[in-house]
Amino acid sequence: MSDIPDINWSNLPFGYVKTDFNVRCTFKDGKWGEIEVHDDEFLNIHMAASCLHYGQEAFEGQKAFRGVDGKIRIFRIEENWKRIAASAEGIMMEPIPQDLFIEMVKKVVLLNERFIPPYGSGSSLYIRPLEIGISPLVGVRPATDYQFIIFVTPVGPYFPEGFRPTKVVIYREYDRAAPCGTGRWKVGGNYAAGMRATARAKQHGFSAVLFLDPKEKKYLDECGPANFFAIKGNKYITPKSNSILPSVTNKSLQQLALDMGLEVECRPIELAELESIDEAAECGTAAVASPISEIYDFDNDHSYVIAHDGNPGPVTTELYHRLQAIQRGEAEDIHNWCTIL
Ligand code: PLP
Ligand code: COI
């Protein structure tokens with residue numbers, strides 16, 4: 001095993017690269033066991049496991065960065081714990097305790113330290129925790145046994161365009177989540193539900209689908225893999241909806257927007273309001289803040305063009321740089337978002 005893997009760090013796609021180790025922990029007989037370290041990429045699970053048939057699966061996405069000072073920073077680890085615990089409870093799984101989650105995240109990052117992209121490469125170490133129901137079941141009910149796993153992989157930008165603006169599309173014939181369904185939890189089924197619409201969008205040159213609220217199709221919800229925000233005058237506006245995932249990145253950008261003197265409005269946003277916005281972007285751990293140049297309403301054959309001559313808007317650019325500066329140790333972490341290893 002060499003100390004430095006042969007990877008082109010500045011040109012990484014958002015994909016899977018095998019790293020050295022993953023960590024696992026099993027909930028059985030009413031308690032969590034010991035943390036196990038594996039170098040095997042495969043799981044050995046029963047073919048009747050509830051995750052395989054009835055979608056008892058929840059996951060997270062978070063990142064570790066190599067800072068300008070050489071230190072490793074993990075971004076907002078407690079927020080990802082809170083969300084995976086909520087997701088687990090949402091689909092009747094045993095939530096992982098906070099201390100165990102944090103210990104496992106730190107451990108898997110340190111075990112794979114040589115895969116953390118160097119400072120300045122623009123890449124980061126993506127951390128993917130997941131929990132699955134492993135009890136063999138045929139009747140539909142929650143499992144009694146669970147496995148919690150974390151693997152990591154070095155990644156570049158989610159959208160190949162990076163920070164270049166992309167177009168997104170609205171289709172009314174698809175929903176990602178139901179009005180009182182699982183949209184607010186990060187569970188695998190939501191992503192399966194969005195795949196058909198997203199594949200169609202990509203086929204037509206859009207980076208993502210911007211889903212509308214599934215009840216009235218009147219308000220903006222979110223994009224397939226990211227939340228949506230817009231800049232309107234001196235305001236950062238972002239949809240409030242029961243069917244969207246509460247994004248850690250969005251929450252952080254809202255704070256940064258306040259720090260910049262903007263007002264923040266988290267409220268239902270009608271589609272028609274897109275006529276009066278100045279900037280728009282998709283935001284998430286993978287997407288960071290990916291600017292949107294145009295929103296195409298397919299059913300009405302109408303484009304909302306967000307003009308900056310094809311360039312990212314100034315506020316989105318400033319937010320993007322502020323967020324990355326904190327994650328990479330270039331700016332003071334005044335909100336205590338990073339865990340330094
Ligand atoms: N919305 C969806 C559907 C997502 O998959 C993600 C990615 O995690 C987000 C929003 C952004 O959330 P976060 O910023 O916590 O990564
Ligand atoms: C993330 O941003 O971490 C995500 O999970 C989005 C996508 C890769 C599913």
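Which residues come nearest to ligand 1? Of the 16 residues around this ligand, the ones that come nearest are Tyr-191, Glu-222, Ser-247, Thr-249 and Thr-285. Keep in mind as you read that you are looking at a predicted model.

## The protein as a whole

Let's step back and look at the overall fold. The protein is built with six helices and 18 strands. Its radius of gyration is 20 Å, close to the 20 Å that the globule rule gives for 341 residues, so the protein is as compact as a globular protein of that length.

You can also picture the protein by its extent: along the principal axes, the C-alpha trace spans about 55 × 50 × 35 Å.

## Ligand 1 and its surroundings

Now zoom in on ligand 1. Three side chains each place a polar atom by an oxygen atom of this ligand: the distance is 2.7 Å for Arg-83, 2.5 Å for Tyr-191 and 2.6 Å for Ser-247. Taken alone, ligand 1 exposes 380 Å², and the protein buries 97% of that.

The space that ligand 1 takes up is the largest pocket. Two elements give two or more residues to the shell around ligand 1, namely α5 (248-259) and β15 (279-284). Sorted by class, this shell holds six nonpolar, six polar and four charged residues.

## Ligand 2 and its surroundings

Where does ligand 2 sit? Ligand 2 is found in the largest pocket, and the space taken by ligand 1 is that largest pocket too. Around ligand 2 you will find Phe-14, Phe-59, Gly-61, Tyr-126, Arg-128, Tyr-158, Lys-186, Tyr-191, Pro-225, Thr-285 and Ala-286. By class, these residues of the shell divide into seven nonpolar, two polar and two charged. Look out for Tyr-191 and Thr-285: both are among the residues around ligand 2, and both are also listed with those that come nearest to ligand 1.

Which parts of the protein make polar contacts with ligand 2? From the side chain of Tyr-126, an N or O atom is 2.5 Å from an oxygen atom of the ligand. With the next two residues, the backbone takes part: a polar backbone atom of Thr-285 is 3.5 Å from an oxygen atom of ligand 2, and for a polar backbone atom of Ala-286 the distance is 2.8 Å. Taken alone, ligand 2 exposes 280 Å², of which the protein buries 90%.

Note on methods
Residues numbered from 1 in each chain as written. Chains lettered and ligands numbered in written order. Predicted model: local features only at pLDDT ≥ 70, side-chain atom pairs only at ≥ 80, totals over all residues. Heavy atoms only, no water. Near = heavy atom within 4 Å. Polar contact = N/O pair within 3.5 Å; in protein donor to acceptor, adjacent residues only side chain to side chain. Areas by Shrake-Rupley, 256 points an atom, 1.4 Å probe, with all protein chains shown as cover. 1 Å grid on protein atoms, 1.4 Å probe; cavity = no way out; pocket = protein on both sides within 12 Å on 5 of 7 lines; lining within 4 Å. Sits in = over half its atoms within 2 Å of the grid points. Helix = DSSP H or I, 4+ residues; strand = E, 2+ residues; numbered from the N terminus. Nonpolar A, V, L, I, M, F, W, Y, C, P; charged D, E, K, R; others polar. Rg over C-alpha atoms; globule rule 2.2 N^0.38 Å.
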